[in-house]
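Here is an informal tour for anyone about to open the model at the bench. Keep the viewer handy and follow along.

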2 protein chains.
Amino acid sequence: MGELLDHIDSPADLNKLNQQELNQLAQEIRTVISETVAKNGGHLASNLGIVELSLALHHCFDFRYDRILWDVGHQCYTHKLVTGRRKEFQSIRLEHGLSGFPDVNESPYDAFTVGHAGTAVSTALGMALAKQLRGQSEKIVAVVGDAGVTNGLSFEGLNNAHLIKRQLLVVLNDNSMAIDVTQGSMAKYLVKIRLTHTYEDMKKTSQHILTHLPVLGQPLAEALVHIRQGLKTTLWPGQIFEPLGLRYFGPVDGHDLNTLIDLLNRLKQVDEPVLLHVITEKGKGFEPAQSDPRSFHSTKPFHLETGKVLAKSGEKTYSDAFAESLIKLAKNDQRIVAITAAMPDGTGLNKFAEQFPERMFDVGICESHAVAMAAGLAKEGFRPVVAIYSSFLQRSLDQIFQEVALQNLPVVLAIDRAGVVGGDGPTHQGFMDIAFLRSLPRMVCCSPADAPEMEQALDFALRYNGPVALRYPRAEIGENLGPAEEFRLGKSRSIRQGKDLCIVAYGECAQVSLEAAKLLAKDGIEAAVINARFVKPLDSEALKRILKADRPVLVVEDHALIGGLATAIQELAGREAIQNVQIIALGLPDSFLPHGTRETLLKKIGLDAEGIRQAGRKALLAKPKEISNSKK
Amino acid sequence: MGELLDHIDSPADLNKLNQQELNQLAQEIRTVISETVAKNGGHLASNLGIVELSLALHHCFDFRYDRILWDVGHQCYTHKLVTGRRKEFQSIRLEHGLSGFPDVNESPYDAFTVGHAGTAVSTALGMALAKQLRGQSEKIVAVVGDAGVTNGLSFEGLNNAHLIKRQLLVVLNDNSMAIDVTQGSMAKYLVKIRLTHTYEDMKKTSQHILTHLPVLGQPLAEALVHIRQGLKTTLWPGQIFEPLGLRYFGPVDGHDLNTLIDLLNRLKQVDEPVLLHVITEKGKGFEPAQSDPRSFHSTKPFHLETGKVLAKSGEKTYSDAFAESLIKLAKNDQRIVAITAAMPDGTGLNKFAEQFPERMFDVGICESHAVAMAAGLAKEGFRPVVAIYSSFLQRSLDQIFQEVALQNLPVVLAIDRAGVVGGDGPTHQGFMDIAFLRSLPRMVCCSPADAPEMEQALDFALRYNGPVALRYPRAEIGENLGPAEEFRLGKSRSIRQGKDLCIVAYGECAQVSLEAAKLLAKDGIEAAVINARFVKPLDSEALKRILKADRPVLVVEDHALIGGLATAIQELAGREAIQNVQIIALGLPDSFLPHGTRETLLKKIGLDAEGIRQAGRKALLAKPKEISNSKK
């Protein structure tokens with residue numbers, strides 16, 4: 001790994017290193033991170049930017065007792081390397097390997113298993129409150145990026161910092177870039193700060209803070225006046241944070257390891273909530289990532305020398321098909337606008353923005369606002385399409401309820417990453433969107449199975465006079481199922497005939513079910529396959545026929561078994577008093593799925609073609625009067 | 001009504017009044033609002049505080065074309081009175097009467113049907129964006145209270161105001177008091193502003209703005225420097241809002257109608273996002289409400305002279321029982337702490353705070369933060385109880401997912417106002433909490449049916465090592481069901497034997513089902529009643545027996561039919577391949593329920609004892625082999 005890193009078994013070992021060695025260690029860590037992400041893929045730019053800050057924090061605090069909360073969490077690689085996980089680091093994001101995010105099951109140094117933005121200040125506040133109530137002196141640190149801090153939850157947390165009458169350190173890791181260029185006025189303000197502060201300025205600021213900061217127990221207010229007097233004050237970010245009840249310090253250079261250590265050692269003694277504003281550079285130390293941090297935010301495996309992504313990216317994904325279809329439709333309908341919450345690349349909306357820059361809005365990591373703003377646009381006659389990952393859409397439930405469904409507004413929710421996502425793990429699995437949307441009156445939930453259906457579904461959604469959610473997975477889009485009738489509200493599509501068994505599925509699962517049906521045919525079992533297309537409203541007529549047809553019905557879905565399509569069909573059977581039918585549900589279990597490849601996870605759950613085949617065979621074996629005997 | 005108000009058929013009529021008459025109208029409106037709320041109950045203090053501001057807005061804008069967004073919306077009474085609804089105003093909050101909130105079905109002047117906080121800026125932004133894209137000049141106004149502005153969604157909205165390159169007016173209606181005293185650092189900061197600004201100061205500020213504000217088309221930046229120079233700047237709220245991209249003006253007196261009109265007429269010509277900070281007094285003009293705005297935030301009918309509430313408040317509610325039980329348990333367990341999001345009175349936690357002031361935290365209207373902070377406390381060994389109304393808990397889904405369930409932390413969610421709420425209408429109906437919580441792995445969902453069960457359930461929840469949600473309605477708690485075994489995870493309770501029919505319910509519905517069973521007995525039908533207690537995990541053993549018992553099973557629930565208890569039982573039947581059972585579900589329909597009394601609404605839906613009886617009779621008639629014939 002590295003000469004020095006080889007001897008870091010725990011953060012305590014950092015204290016054995018002198019200043020020069022610590023800086024050397026930082027370089028060794030950069031090498032290990034770059035090499036590993038080049039192999040495994042993962043979050044690169046943010047991790048390269050936070051090496052010194054991570055080392056400084058572990059040098060100054062003892063997180064066996066103190067607590068560190070990483071907001072979002074994808075910047076935790078250095079943290080993992082120095083907290084006893086360097087030997088396993090090569091396995092990061094691989095199945096059974098280390099998680100790419102903090103994980104309480106991996107290490108006591110990881111306080112929370114996280115992956116969503118804006119939560120660290122709130123949970124840190126809870127922990128600090130606990131220490132306060134018990135009179136314990138352990139320190140609490142939250143590390144928040146400049147993108148995460150613009151999330152409403154961060155603001156709610158900061159605004160409640162006044163509850164804390166003891167030490168609490170919020171480190172604002174400001175790299176002026178979130179996953180994409182950070183959006184919002186506050187981000188623009190921070191960029192201005194960055195541009196008007198040279199490295200010399202930041203150095204001066206650090207020294208100034210160190211000179212004036214009083215030692216433990218002395219009052220802070222007067223010192224702060226001195227500190228502020230000596231600084232550039234035309235643009236002073238403290239004006240945002242101090243009314244929220246946090247003492248502001250900064251901006252300081254986040255790569256000056258030795259000064260960071262001095263600052264943290266002093267600031268940790270302040271007995272009230274403090275914010276340290278640290279300027280870092282995304283991708284620091286690895287030229288390709290430094291010059292293109294956007295591409296290296298979350299990357300596939302790449303060539304270490306050139307920075308070129310290795311994986312063939314030839315296959316079209318559902319997200320690609322979504323973007324293409326949307327662009328096509330938007331050409332003929334001026335009412336179509338697109339909204340993303342900091343995911344223009346991930347959702348494919350960057351391509352939309354290229355065509356229609358003035359019709360695409362990136363609101364930053366603000367999923368709640370994205371949906372509410374869409375409702376305002378829809379109210380005025382536009383047709384907004386909000387593309388959000390399934391697990392992040394959980395942030396928007398209340399706005400989908402009040403601003404969209406209650407008003408019956410034509411907002412299209414393009415739910416990307418629905419179902420099993422793979423490497424990002426449990427915080428990102430999109431397992432419950434149908435469950436929470438289906439209970440909303442007026443909500444239409446559908447899913448396209450192939451590229452033509454994506455366009456059909458989107459076209460349907462954009463013409464429908466009410467809210468429509470359209471879910472699709474993080475996956476390559478399968479072959480076209482062939483010509484089909486148009487997408488009509490609550491209408492399913494039969495994609496295979498079969499007398500013995502009926503498989504009901506939608507989206508990618510319809511594709512996989514078709515494969516399974518072909519396998520079953522080899523077993524002598526003729527399975528019909530219905531592409532339900534809609535989970536709400538269900539195709540009641542077709543499904544009633546299916547339920548009454550005296551065949552087992554196998555429902556296949558890349559969604560929690562609780563609250564998904566199978567559940568909807570069972571509710572229908574209940575309403576219609578259809579009793580003598582065997583409904584077998586295949587879907588995600590009632591547990592949090594770990595990280596791994598999407599393929600492996602689906603296979604393990606039995607949602608691949610072979611798993612569906614087995615379930616089909618079993619269903620028929622359970623019915624002895626069926627063909628299973630005659631074929632054996 | 002009032003001499004002048006009698007002639008206000010639309011806002012256009014306001015322009016016929018001179019300054020003195022407008023002020024007289026304000027007093028007439030105060031009288032009508034006070035008299036009506038004294039009869040019907042409703043939101044009083046906030047509505048009395050915003051009379052002049054509402055009149056000034058309607059005087060300066062034309063909301064047939066311009067748009068006004070009321071945040072939360074309970075302050076809309078004056079707005080309703082002057083937009084053609086004065087004749088129906090006596091019916092406000094009554095069944096078939098006017099809604100107590102803005103309602104798109106009532107009037108084109110109501111742009112959004114709302115009831116939750118923090119959404120107005122976001123939806124206004126969407127509407128302004130629409131106007132911007134179309135090049136339309138209609139004005140957009142959002143009115144936000146000092147409590148609503150601390151909600152994370154408001155911040156997300158403000159932070160995206162930079163998207164707007166045209167007129168957008170945000171009015172901050174600052175009465176330094178939300179439903180309760182506004183919580184959070186920003187609120188404290190605003191209180192400081194208020195305390196350091198006399199009426200004379202505010203008058204001066206208004207004049208100063210009017211003097212320096214340039215006319216349409218002139219650049220604003222230089223004028224702003226002038227304006228700011230002439231003002232008190234030691235505490236200048238603009239420092240919060242200007243980095244967010246809004247020009248700040250204020251604070252000004254919100255009861256000086258004539259000056260407000262001058263200001264609004266000038267500010268509406270500014271071609272960029274502007275925030276006007278208006279100081280108002282809750283309860284203004286009605287002494288009891290002015291001196292106790294907290295009690296008169298949302299009040300039951302009261303005596304107009306004395307301000308004394310008329311309704312007998314003798315009966316214990318579920319909320320009362322919750323607070324009592326929590327206090328009792330907290331006496332013996334120092335780990336118990338309580339969190340509310342601005343609802344100490346509504347949830348009963350004000351009583352808890354009296355006993356344990358240091359163990360109760362009001363975080364303001366920040367439901368997301370409330371849950372995330374609770375997770376931090378739980379992580380450090382505390383047992384936080386977060387009391388939130390069901391429909392507001394929709395704001396916390398993602399934190400319940402990531403911060404609570406994924407970490408398996410013992411946070412207790414006390415879900416008040418679960419089910420039909422009555423007068424507050426569709427935005428407040430708590431119809432889907434089970435649906436969205438049930439899909440979360442590890443989540444335990446239960447409900448107490450009587451006061452002893454409330455204590456048992458809470459005791460269980462606080463001893464359980466994982467997340468527990470406990471739902472209960474806005475209702476008087478029924479009679480005790482009698483001695484019962486303790487609350488055990490996933491265990492139901494049989495509360496009546498009966499061979500013909502089995503009714504499964506929980507919480508208050510179990511009480512009502514018991515009544516229904518007594519009615520059915522008069523029909524000669526013996527209905528068993530099971531108090532399920534838990535929706536997750538279900539009492540599978542007991543329910544399997546019930547499902548196999550060859551009796552119709554009637555599931556009764558004050559929750560959406562989609563995704564509730566009946567659904568969970570149907571899923572169980574599916575998993576267990578139990579087929580020949582008739583499961584009849586009684587619950588809330590797949591539509592938004594209007595306002596009305598809880599009793600009337602439940603009766604209409606068939607969730608009262610008589611409705612359940614009828615459903616029971618019908619279930620048996622549908623099964624001719626059953627006793628229905630022998631009894632006729």
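## Domains of one chain

Chain A splits into three pieces: domain 1 covers residues 5-294, domain 2 covers 318-471 and domain 3 covers 494-631. Keep in mind that this is a predicted model. Take the two end pieces: the C-alpha centre of domain 1 of chain A sits 48 Å from that of domain 3 of chain A. These two domains do meet, with four residues of domain 1 of chain A in contact with four residues of domain 3 of chain A. On the domain 1 side of that meeting, there are two polar residues, two charged residues and no nonpolar ones.

## How the two chains sit together

Chain A can be laid over chain B by a rotation of 180° with 0.0 Å of shift along the axis, and the RMSD is 0.0 Å. The two copies are therefore related as by a two-fold rotation axis. Both copies use the same surface, since 100% of the contact residues of chain A recur in chain B. To find the axis in your viewer, go to A:Gly152: of the residues of chain A, its C-alpha comes closest to the rotation axis, at 1.8 Å.

How many residues does each chain bring to the contact? The count is 88 residues from chain A and 88 residues from chain B. Sorted by class, the chain A side that touches chain B holds 43 nonpolar, 34 polar and 11 charged residues.

## The sheet in chain A

Five strands of chain A make an open sheet, with parallel pairing and the order 2-3-4-6-5. At the edges are strand 2 (67-70) and strand 5 (247-253) of chain A, each of which pairs on one side only. Going from one strand to the next, the twist averages 20°. As a general reminder, strands of a sheet pair through backbone hydrogen bonds, either parallel or antiparallel.

For a look at one pairing, pick strand 4 (residues 168-174) and strand 6 (residues 273-279) of chain A: they run parallel and seven bridges join them. One of the residues to click on is A:Leu169, whose bridge partner in strand 6 of chain A is A:Val274.

## Covered helices

Helix 3 of chain A, residues 51-60, is mostly covered, with 10 of its 10 residues buried. Among them are A:Glu52, A:His58 and A:His59, along with A:Leu53 and A:Leu55.

Which residues of this helix does A:Leu264 touch? Setting aside residues up to four places away in sequence, A:Leu264 touches A:Ala56, A:Leu57 and A:Cys60. A:Leu264 itself belongs to helix 11 (residues 257-267) of chain A. Is A:Leu264 buried or exposed? A:Leu264 counts as buried because it has 22 C-beta neighbours inside 10 Å, and the cut-off for buried is 20 or more. A:Gln239 is 25 residues away from A:Leu264 along the chain, and their C-alpha atoms are separated by 22 Å.

Over in chain B, helix 23 (residues 565-575) is mostly covered as well, with nine of its 11 residues buried. The buried ones include B:Leu565, B:Ile569, B:Gln570 and B:Glu571. Just past the end of helix 23 of chain B, B:Ala577 has a positive phi of about 55°.

## Backbone oddities

A few spots deserve a closer look at the backbone. Two cis peptide bonds are listed here.

| Cis peptide bond | Omega |
|---|---|
| A:Lys536 to A:Pro537 | near -10° |
| B:Gly250 to B:Pro251 | about -5° |

A:Pro537 is in the loop between strand 17 (534-536) and helix 22 (540-547) of chain A. B:Pro251, by contrast, is found in strand 5 (residues 247-253) of chain B.

There are also positive phi values to check. A:Asp550 is not a glycine, yet its phi is positive, about 60°. You will find A:Asp550 in the loop between helix 22 and strand 18 (553-560) of chain A. A:Asp550 is exposed because it has 11 other C-beta atoms within 10 Å, and 12 or fewer is the limit for exposed.

B:Arg417 is another residue other than glycine with a positive phi, near 55°. B:Arg417 sits in the loop between strand 11 (412-416) and helix 19 (433-438) of chain B. With 28 C-beta neighbours inside 10 Å, B:Arg417 counts as buried, whereas A:Asp550 is exposed.

Key:
Residues are numbered from 1 along each chain as its sequence is written. Chains are lettered from A and ligands numbered from 1 in the order in which they are written. This is a predicted model: local features need pLDDT of at least 70, side-chain atom pairs count only at pLDDT 80 or more; totals for chains, interfaces and linings use all residues. Copies are superposed by least squares on the C-alpha atoms of residues with pLDDT of at least 70 in both. Two residues are in contact if their C-beta atoms, placed from the backbone, lie within 7 Å. Two strands pair if DSSP finds at least two bridges between them. Helices (H or I, at least four residues) and strands (E, at least two) are DSSP runs, numbered from the N terminus. Axes are lines fitted to C-alpha atoms, for helices over the stretch in contact, and angles run from 0 to 180 degrees between N-to-C directions. Ala, Val, Leu, Ile, Met, Phe, Trp, Tyr, Cys and Pro count as nonpolar, Asp, Glu, Lys and Arg as charged, and the others, Gly among them, as polar. Domain bounds come from an automatic or database domain assignment.
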